[in-house]
Amino acid sequence: MDAPTPIPLPCPLSAGWEVVEQRLIEPSQGGGFSAGAYRPEVDELWLLSDAPRGSISRWRGFRAGGLKGLVPLPPLPLKQPQPMDGEGLVVEAQHFWVATEGRLQPEQPAALLRYDMAAGSLLSSRELPPDWRLQPKRGLRSNGGPESLSRSPVNGALLMAAEQPLLQDPPDRVRLLHWAPDASGALQPAELRPLALPPGGWGLTDLLASKQGLLGLWRRFTAPDQWQARLVLYPASAIATSNADAPPVAPLISWNLLQLGLASDNWEVLLAAPPLGDGRPSLLLATDDNFNPLQRSHLARLVPRQLPGCSAPPQQ
């Protein structure tokens, strides 16, 4: 596995973010976007759909043209024998990984899936550890994750996080799972310290890992139509302790995304994007329209504000 791309951060952190581009994706180009990846070697943007018959919408032209220059490519259908709910995506050279969310009705176990890059055919499926499996009083909540998958800066591992607390856990945390290769190269799961989550219906919908820390995307919905979204930074030490019973790791800072001018919608996708023409690093966020005609598939590109003379300390 390649090392994860360094994530851009404001300097100082309180300087926050600037939205430099936004656009809508038409329904004809896909929907239900739940995770994404940018492939710099071929200049392709991938957005994973959480439709039961999973697929990946793809575009080219991001590097030179930004969001306005995206040119749609044929989608990549995912070939697997059963319906799925894809929520996390990590792309490698010859294959890619998908984290699927568990549901009780219809019954769909959460899993870590590996697909062939060229054909989208299923290569392998790994069940989650027993504590995570959907059970009457334990494990993941139905439609409660995992929502995120990210490449770790440690040992070429994958990081998987639940969206909501497991049924047996306190309400102030979500579990974090570290999939690291064993001597044979097969990925084996291990529990890390949980991540702190605020009360009141918030969920962790995506995670972006780097040596600078963990960027997370929080989401909350209040009926009938009120969405909230926050970008949060957890310290890099969050992935240093293998202990699910340890106190949750609190974020260093959080930023209100709607105050930046983003639409009140279901922001669910977070990924490192190519730099702007002036060299500034960027992030890409996207919404899941839930295939609802009252919602839209939004894209937004953010850059971190850098104040003159600021020197960012290493994140602990």
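Here is a walk through this predicted model, going from its sheets to a hairpin, a disulfide and a pocket.

Let's start with the sheet that holds strands S1, S18, S19 and S20. These four strands form an open sheet, and the order across it is S1-S20-S19-S18, with antiparallel pairing. S1 and S18 sit at the edges with a single partner strand each, so one side of each has no neighbour in the sheet. From one strand to the next, the twist averages 20°.

Now zoom in on the S18 edge. S18 pairs with strand S19 (residues 282–287) in the antiparallel sense, and six bridges hold that pairing. If you want to trace the register on screen, take Ala 273, whose bridge partner in S19 is Ser 282. Then take Ala 272, which has Leu 283 as its bridge partner in S19.

So is S18, as an edge strand, buried or exposed? Seven of its seven residues are buried, so S18 is largely enclosed by the rest of the structure. An edge in the sheet therefore isn't an edge of the fold here: one side of S18 lacks a neighbour in the sheet, yet the strand is largely enclosed because seven of its seven residues are buried.

Leu 270 is a handy residue for looking at this up close. Leu 270 lies in S18, which covers residues 267–273. Its relative accessibility is 3%, and since buried means under 20%, Leu 270 counts as buried. What does Leu 270 contact, leaving aside its neighbours within four places in sequence? The list takes in Asp 206, Leu 208, Leu 215, Gly 216, Leu 217 and Leu 231, along with Leu 283, Leu 284 and Leu 285. For a longer-range marker, go from Leu 270 to Val 90: the two are 180 residues apart in sequence, and their C-alpha atoms are 12 Å apart in space.

Next up is the sheet made of S6, S7, S8 and S9. Four strands form this open sheet too, in the order S6-S7-S8-S9, and the pairing is antiparallel. Its edge strands are S6 (86–91) and S9 (122–127), each of which pairs on one side only. Neighbouring strands in this sheet are turned by 20° against each other on average, direction ignored.

Within that sheet, S6 and strand S7 (residues 95–100) run antiparallel and are joined by five bridges. One of the pairs to look for is Gly 86, with Thr 100 as its bridge partner in S7. Thr 100 lies in strand S7 and is buried, with a relative accessible area of 4%. Leaving aside neighbours within four places in sequence, Thr 100 is in contact with Met 84, Asp 85, Gly 86 and Glu 87, as well as Pro 109, Ala 110, Ala 111, Leu 113 and Pro 146. Gly 86, then, turns up both as the bridge partner of Thr 100 and in its contact list.

On to the hairpin. Strand S12 (residues 173–181) and strand S13 (residues 187–196) run antiparallel, with eight bridges joining them. One of the pairs is Val 174 with Leu 195 as its partner in S13. Five residues separate the two strands of this hairpin, and in the turn Gly 185 has a positive phi of about 95°.

The structure also holds one disulfide. Cys 11 and Cys 310 form it, with their sulfur atoms 1.9 Å apart. The pair links distant parts of the chain, 299 residues apart: Cys 11 is in the segment before strand S1 (17–25), and Cys 310 is in the segment after strand S20 (297–304). Which hand does the disulfide have? The torsion about the S-S bond is about -80°, so the disulfide is left-handed. The two ends have different surroundings: Cys 11 is buried, with a relative accessible area of 3%, whereas Cys 310 is partly exposed at 30%.

Last stop, a pocket. The second largest pocket contains about 400 Å³ of space. It is lined by 25 residues, and the closest to its centre are Glu 101, Arg 103, Asn 143, Arg 219 and Asn 290. Which strand gives the most to this lining? That is strand S15 (residues 213–222), which contributes three residues.

Conventions. Residues numbered from 1 in each chain as written. Predicted model: local features only at pLDDT ≥ 70, side-chain atom pairs only at ≥ 80, totals over all residues. Heavy atoms only, no water. Pairing = 2+ DSSP bridges. Axes fitted to C-alpha atoms, helices over the stretch in contact; angles between N-to-C directions. Buried < 20%, exposed > 50% of the residue type's maximum accessible area, 1.4 Å probe, protein only. Contact = heavy atoms within 4.5 Å. Disulfide = S-S within 2.5 Å. 1 Å grid on protein atoms, 1.4 Å probe; cavity = no way out; pocket = protein on both sides within 12 Å on 5 of 7 lines; lining within 4 Å. Points joined across faces, edges and corners; volume = space filled by probe spheres on them.
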